[in-house]
Structure formats: structure tokens, C-alpha cells
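Reader: Hi, could you zoom in on one part of this model for me, after a quick word on the whole thing? I work with coordinates all day, so please spell out the cut-offs as you go.

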Amino acid sequence: MARDLSVRLGTDARRAADLLRPLAYAQGQGLPWEDLWAPLASSVSGRHYTDADIAWLREVAGSYVVEAVEDNRSAYRLYHQALAEHLRNEMCGEAVHKAITRTLVEHVPYAANGTREWTRAHPYILRHIATHAAHGGVLDELLEDPECLVHIDPDGLSPHLDRACGDSAQLAAAVYRSSFGAHRTATAERRRQILALDAARYNDQALLSAIAENAEPRSWTPLHATGGSVTSALRNTLTSTSGPVTAVACTAVDGRPVVVAAYRDRSVRVWDPVTGLPHGRPLTGHSGVVEAMTCTVLDRRPVVVTGSWDRTVRVWDLTTGRQVGQPFVGHTGTVRAVACTSLNGRPVVVSGGDDGTVHVWDPATGRAVGRPMSGHAGSVTAVACAVLSGRTVAVSGSEDRTVRVWDLATGQPRGEPFAAGTSRIESVACTQLMGRTVVVTCSWDESLCVWDLETGRAHRRHRDRFTGTATSLTCTVANGRQVAVVGFWDGTVRVWDLESAEVRGQPLSGHTEAVNSIAYTILEGRSVAVTGADDGTIRVWDLAADRSHGLPHIGHAARITAMACAAVEEKPVAVTGSRDGTVRFWSPLTGRHGPLLPDPRSVMQAIACTALDGAPVALSGGNWADLQMWDVSARRPYSHLSTQRHSDRCTAMACTVLDGRPVAISGSHSAWNGGLQIWDLQSGTPRDFLSPRGPVTALACARVNDVPVAVIIGAAGVTSAYVWDLANESLRSCVETGHSDTITTVTCTVWDDAPLMVTGSWDGTVRVRDLTSGQPYGPPFVGHTDRVTSVACGVVDGRALLFSGSRDHTVRVWDLVSGSTTAVLKLPAVCSTVAFADPELLVCTFGSDIASFGFRT
């Protein structure tokens with residue numbers, strides 16, 4: 001190449017090489033000409049060049065350059081890889097990329113406030129600057145620029161986040177990863193809000209302030225949040241629109257690691273776990289959901305083996321994306337589990353299913369090897385393989401609560417079954433522990449067991465190491481230790497050290513629904529776990545992560561189920577109740593929170609706030625009909641309210657004034673003895689019991705024509721509401737709300753002197769009715785894509801607003817009068833509760849965390 005340049009261009013060869021060299025380092029489809037090519041040639045060579053030099057090059061050496069298109073703009077690259085390698089010879093790649101990065105940054109325009117205006121940067125800069133910065137050793141400079149994080153391409157940044165070096169850059173990388181799945185499809189302003197909320201969750205106030213500083217006027221920006229569900233171990237999040245993930249497996253294709261995932265829509269997709277992008281086309285062919293999956297090598301080619309609800313086992317070539325041979329047919333029920341091993345030097349597939357049998361297949365021919373192995377009295381839910389005393393065995397777990405070991409050569413059981421728990425076996429995995437072959441099992445009864453396969457004895461049995469139902473597990477080595485990685489029904493992932501029988505570190509939190517499958521692989525020399533869940537995401541976790549970032553506030557240990565706001569010295573306080581059986585007080589203005597206070601009612605179902613003798617109090621109800629009253633100012637229990645009238649747990653609560661006295665009203669879940677208990681808060685005694693005949697699922701209070709009423713959801717049917725006259729203890733009316741599915745939440749407000757009832761439903765809509773006339777107050781509020789979970793009302797800038805939280809991970813802010821959407825706030829998980837607090841604060845909960853947003857004028 002050097003000779004070719006010299007012969008063609010003579011003394012101009014060096015000039016041409018200087019101008020061509022930036023193309024040798026260009027990313028994507030190539031380098032754009034406008035405003036970038038000549039400055040990059042100057043910075044890399046140390047000699048000054050202009051667009052006139054680029055025009056000369058195109059004229060005399062245009063054959064060396066190929067024109068392409070990226071982002072609907074012309075881009076230029078070298079015509080041959082050999083020329084690129086020649087131009088990179090004797091160059092320090094890191095120094096070149098560093099020079100390119102600095103030049104690209106210099107070409108980002110300045111804003112009026114003196115900061116870089118990344119929104120106006122050239123598309124090449126936004127898409128590829130992170131790659132140049134990573135190779136140039138200056139990625140930290142980008143990560144420490146909040147506006148850069150908001151605007152640059154997520155797919156360009158994500159693969160390089162591991163190269164962050166400094167503390168602040170590593171913290172910014174952790175913040176960015178927390179919601180990476182949402183960044184890819186978000187607009188810049190939506191990404192700004194997501195990043196600001198994640199910075200608040202990590203308690204990085206400096207980054208939060210810098211990101212929120214340039215938010216649009218009249219927007220809601222995060223102020224504070226707890227971060228019980230953030231973890232620095234999260235490496236990537238792979239998202240699709242295919243629904244819940246039912247199975248995952250890992251292998252390598254063409255030398256690159258891939259994740260293979262099955263979805264509820266019956267598709268099988270292949271992903272690059274580093275970039276987070278799809279690899280090839282989906283694998284389609286099953287007529288039922290794929291519930292089992294494993295990877296192996298067949299004829300030196302990587303394949304994935306899948307088992308499905310359609311009762312078949314199939315093998316797919318991951319290089320071509322095509323099915324290998326015909327489906328394996330033999331199971332008479334859903335195939336729940338598959339595993340691969342070798343038998344007599346030949347690869348075999350082992351499968352188990354709802355028919356209670358274990359089958360062995362030859363993947364080369366698709367034929368069964370031997371007869372099905374039967375013995376389980378229920379579905380086979382899990383299989384794994386091992387070598388025991390020189391013989392290949394399969395280990396199967398079943399709904400019949402046992403684990404069996406099978407000799408694959410003879411098809412006979414080996415020893416007696418293991419009684420592994422008091423409920424169905426969810427998952428099994430084989431590994432080596434202290435020189436012994438063991439199988440690790442998890443059961444629906446929350447137990448994890450380690451069994452010695454040689455003796456059949458329980459090596460360890462634990463029910464106190466975890467809380468919650470384990471759904472899946474795998475075994476691997478992390479930091480030189482044998483570990484089991486366990487997924488749970490609550491969406492968490494925990495790592496169990498098999499040698500010490502201790503849980504390592506904090507739970508890996510991020511999934512918002514049950515974890516269905518776990519696999520492991522090595523990614524860039526580090527042990528990682530890959531998890532798929534009902535929330536439709538695949539998460540990649542660094543099992544060797546040895547440090548955390550930020551100082552997040554940790555609140556509840558389980559999902560928040562109830563929340564209400566009070567005021568102490570004119571400052572708002574949020575009171576939250578959780579499934580962990582505790583109540584907590586939290587300041588939306590400062591982010592400070594008090595201690596977790598245990599409540600004897602265990603799982604909290606309802607919380608309401610009011611004033612008693614001028615002091616703020618909160619009331620909580622849960623698994624029992626009794627209530628607990630709390631002194632909000634002192635953050636401590638105030639009194640216990642007991643009744644014999646309710647026969648079931650308290651599910652709803654509201655406060656009002658009746659006959660001049662503050663009262664609380666609690667609703668019960670019982671379908672037979674449901675009703676409303678009215679409590680006199682000054683005396684702490686039950687007052688009246690109203691029986692609307694049926695369970696009460698939601699409750700609010702209002703005044704209609706100066707008469708106190710309770711709006712009751714549940715007892716009147718799934719789409720109607722009772723309006724109960726509290727003064728006369730009688731039914732006032734039954735209002736048809738117009739919802740097409742179950743009402744989940746209700747609140748009341750007053751606007752233009754009209755008492756209004758606001759309801760949210762499983763149908764994803766919010767509807768408003770005038771309580772005086774029973775007529776709709778405007779059209780339905782439509783926008784949520786899943787169930788509405790909570791509603792609240794408030795006034796901001798003299799404008800009546802309605803707030804709704806949903807299972808679609810958003811809070812929507814609506815103009816109550818016009819019905820228009822004024823804001824959509826993206827949350828990391830399902831919004832469980834939402835409240836409005838003065839001065840102009842929005843408070844919401846998601847998972848075990850709580851966050852506050854302020855209105856930016």
C-alpha cells in the first residue's frame with residue numbers, strides 16, 4: 001500500500017496518507033465530510049488541513065475512498081481493509097483515538113450558558129464518540145459531562161461503560177446502566193428524566209442537579225429517591241416487545257458471546273450481551289411457548305436445544321438460524337426441561353415434561369435413545385446432567401417433591417429418590433463442591449438443598465438463607481468460590497456461597513416481576529449471570545463486582561403497598577407501608593427518612609392521614625382488621641384501634657369529619673362480611689359499622705351537598721361504585737363509572753364547587769364523575785398501556801391536575817379540565833401508589849422505593 005501511494009502520488013503521498021488516516025479509525029459506515037474530516041486529519045497528523053485538501057484528495061485519490069450513507073448523510077470509508085491496516089501501522093491507536101475524541105468534543109456547539117450543547121452535535125459524534133473515547137482512554141471525560149449522557153447514542157455508549165476509571169465516572173456508568181433498557185427508545189428529554197431519577201436513587205445529588213438543570217420549563221423533575229433496588233453489579237439490560245422471558249441460555253457464535261432467550265410469544269431470539277443488540281433473526285417454528293432451553297456444540301457448530309408447550313424438542317443452528325433436522329416427538333405433555341451431555345462419546349439431549357417422564361435423544365438423528373425413564377408421580381420440572389463414578393447420569397426434579405438420579409446408559413434409577421422439600425421442585429443444577437459431585441435444588445416452599453449425589457444425603461438444607469419463593473438457579477464460580485445464583489418470585493437474584501452456605505452481598509435487584517430462568521457465561525474474562533423474567537427483560541449481572549457506587553438510601557425491604565402524605569410544620573411527610581410489615585416516614589423535600597417501624601399487621605394494605613387535635617396522624621391497616629395509629633411528628637406509634645366486626649384484613653382506608661369529630665373509615669376484603677368500620681379517632685373506639693354487602697377494595701371520602709359520603713369500590717361490582725351517606729348510614733346511589741374492567745383505585749376532589757370522583761381501572765383508563773349528578777366529567781383519560789394502580793389530585797399554578805400511576809411503569813399528569821396529558825414520568829418499575837403534597841410535590845412509589853418530583857416553573 002505504501003508503494004502504491006508513492007507511485008500514484010509521488011511527493012503528495014504523505015499528504016494523502018494524512019487525509020486518509022482518519023478513515024482508518026472511523027466507526028460505523030464511515031466518516032462524514034462536513035466540518036469533521038479535515039479537522040480530524042489535522043489533529044491526528046499535527047499538520048493543518050482544510051476542506052480544500054479533502055476536495056483535492058477526492059479528485060486525485062478518490063479510488064481509495066468509498067461513499068456510504070449513515071443517518072441519511074454521506075459517510076466515507078476506505079475501499080479495502082489492507083489500506084486501513086497500512087495507515088494504522090506505526091501509529092499509537094490510543095493517541096489517535098484520544099485526538100479524535102478531543103476534536104469531536106471541540107465541534108460540539110456551545111450553549112448560551114457556556115456548556116456544550118450536545119443536542120446540536122453532528123450525528124456521527126452522538127453515535128460514535130464513546131467508542132473513540134473508550135479506545136483513547138478518555139471515556140471518563142464524557143461520563144462526567146451530564147449533557148453528554150443525556151444526548152449521545154445509548155447503543156454507542158453501553159458497550160464501553162466498563163472502561164470507566166474514576167469514582168465519579170464509575171458512578172455515572174452505574175446510574176446509566178440502571179435503566180439502560182429504557183434509554184434506547186427514549187427521547188433526549190425522557191432520557192434526562194430517567195437519568196435524573198436514577199441519580200436520585202444512587203443519592204448522587206451533584207449529578208442529579210446537573211442533569212435536571214437543563215430540564216424543560218414546566219416539567220416535573222426528580223428531587224429525591226430511595227435506592228433499595230439499585231446495584232452496581234448490573235452490566236446490561238436487553239429489552240424487546242415479545243413479552244415475558246421464559247428461558248435463557250448462553251454460548252458463543254463466531255467467537256462472540258451470545259444470549260439465547262425464549263419469550264411468551266413463542267419466539268426465540270439471540271442477543272449480543274455486550275452491545276445489547278439482537279444477533280440475527282428470531283428462531284421460529286414452535287407452535288407453543290418455549291419453556292426450556294440449553295446450548296451445546298454439535299458437529300463443531302453452536303446449537304440451542306428448546307423444549308416447548310407443543311410437546312416437542314427442537315435443535316437450532318445458531319450460525320445459520322435454521323432448525324436442525326425434525327422435531328423430537330415423544331412427550332405427551334409440555335416439555336418443561338432440557339439438558340445436554342455425552343453418552344458413550346456421543347452427544348445426547350435429555351428432556352423432561354408434564355407426562356412425568358425423562359427422555360434421551362440423539363441430536364444427530366432426532367431418535368430416542370432407549371425407553372423413556374418413568375417413576376415420578378408428577379410433572380418433571382427440571383433436569384441436569386453429571387458424571388458419577390465414571391457413569392453419565394441425569395438428575396430430575398418433579399412436582400412430586402422428589403429428585404431422582406438416572407443412569408443414562410441403562411435407563412434405570414440410581415438409588416432412592418431424594419425428598420427435597422414440601423412442595424414442587426423448581427430447578428436443579430449439578431456442580432463440584434469440595435471434591436464431591438452435588439446437586440443443588442430449589443423448591444416452591446422456599447427451601448434450597450445441596451445433595452451429595454454419591455450418597456444421596458442432604459449435604460446442606462436451608463430454609464432460612466432466603467425469604468421468598470425461589471424459581472430458578474444455576475451454579476458457577478465467582479471470585480474463585482463455588483456459588484449458586486438463585487432467582488426469586490419477587491424479581492430479585494441472590495448469590496449463595498455453596499462452601500460457607502452464606503448469601504453473598506445484597507440482592508441483585510432490577511427485575512420487577514418473577515425471574516423465570518438463569519444462565520451463566522464468561523464475558524470479557526468475568527463471570528456473569530444472565531436472568532430472564534416476566535417483566536420482559538434480560539439482565540446481565542457481574543458476579544465478580546467487588547464494590548458498590550454511591551450511597552443510596554435504603555428504605556423498605558419489600559414492595560411498598562400503601563402510601564399517604566401528611567404535613568408537619570407545613571412540610572410534607574410521606575408515610576409508607578410495605579409487604580415487609582413495616583411503616584416508614586420520609587421527607588419528599590429533603591430525602592431524609594426515619595427508622596423502619598414494625599407493625600403487627602404484617603403486610604400493609606392501606607394507609608391514611610388526617611389531623612387529631614391539630615397534630616398529624618397516620619393510620620395503617622393490613623392482614624388484620626385492627627388499625628394502628630401513628631404520631632407523624634414524633635415518628636412513633638400513637639395508639640392501637642381494635643374491632644371484632646371485620647372478619648378479614650383491612651384493604652382500604654380514608655379519613656373525614658363526621659358530626660364535628662375526626663373519623664377513620666376502614667374497608668374489609670371479606671366477600672361475606674365485608675363492610676365499613678367507622679372509628680372515632682379521639683376516643684380510639686369503633687363507632688358504626690356499615691354493611692354494603694361485599695368486599696371493599698378501594699375507598700375515598702367526599703362531601704355532596706354538605707353531606708359526608710364514602711365512595712366504595714368493590715361491593716357494587718367491578719365497574720360500579722357505591723356512594724354511602726355516612727350521616728344517615730344509608731346507600732345514597734350506585735354510580736356506573738363507564739369502565740370496561742375492574743376498578744382498582746379511587747379518590748375524590750372538588751373543582752368549580754363540584755364534588756368529583758376519580759377512578760382508575762384494569763382497562764388502563766382514568767374516569768371522572770360528578771358525584772352530585774352522577775354524570776361523566778369530561779371524556780375518559782386515555783394513555784396508559786396497562787392497569788391503573790393509583791390516582792391523586794392537586795392544584796399547580798391554579799391549574800387542577802390529576803395524577804395516575806400504572807403497571808406500565810409510568811406516572812401520567814393530566815389537566816383535569818381539558819383531559820390533556822401534561823407530563824409522562826418514566827419509573828423503573830410498576831407504580832404502586834401516587835400522591836400530591838404541597839408545595840407542588842408529586843410523590844410515588846415503585847417496588848420497594850419511593851421518589852419525589854418537583855414542578856419546574
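Author: Let's start with the overall dimensions: a compact globule of 857 residues would have a radius of gyration near 29 Å, and the chain comes in at 31 Å, which agrees. That radius is taken over C-alpha atoms, and the globule rule is 2.2 Å times the number of residues to the power 0.38. Before going on, note that this is a predicted model, in which local features need pLDDT of at least 70 and side-chain atom pairs count only at pLDDT 80 or more, while totals for chains, interfaces and linings use all residues. Numbering runs from 1 along each chain as its sequence is written, and side-chain values use heavy atoms, with hydrogens and water left out.

The C-alpha atoms fill a box of roughly 105 × 80 × 45 Å along the principal axes. Inside it sit 14 helices and 59 strands (DSSP runs numbered from the N terminus: H or I of at least four residues for helices, E of at least two for strands). Of the 857 residues, 59% are buried, where buried means under 20% relative accessible area, exposed over 50% and partly exposed in between, with a 1.4 Å probe and protein chains only. Of the contacts with a separation of 6 or more, 47% join residues 24 or more positions apart; a contact here is heavy atoms within 4.5 Å.

Now for the close-up, which is helix α3. This helix covers residues 37–45, and 7 of its 9 residues are buried, so it is largely enclosed by the rest of the structure. The buried ones are Trp37, Ala38, Leu40, Ala41, Ser42, Val44 and Ser45. What do they pack against? Their partners are α2, α4 (51–60), β1 (65–70), β2 and α6 (93–106). Right after α3 comes Gly46, with a positive phi near 85°.

For contrast, take α5 (residues 81–88), where Leu83, Ala84 and Leu87 are buried. Seen down the axis of α5, these buried residues fall within an arc of 100°, so they line one face of the helix (the arc is that of the directions from the helix axis to the C-beta atoms). An α-helix has 3.6 residues a turn, so residues three or four places apart point the same way. The buried residues of α5 pack against α2 (13–24) and β2 (73–78), both of which are also packing partners of α3. The residue following α5 is Glu90, and its phi is positive too, near 60°.

One loop residue is worth a glance as well. His160 sits between α10 (154–157) and α11 (167–178), and at 10% relative accessibility it counts as buried. Beyond neighbours within four places in sequence, His160 touches Ala130, Thr131, Ala134 and Leu139.

And a strand residue to finish: Asp849 lies in β59 (residues 849–856) and is buried, with a relative accessible area of 0%. Its C-alpha is 7.1 Å from that of His556, although 293 residues separate the two in sequence. With the same neighbours left aside, the contacts of Asp849 include Arg201, Thr226, Ile560 and Cys844.
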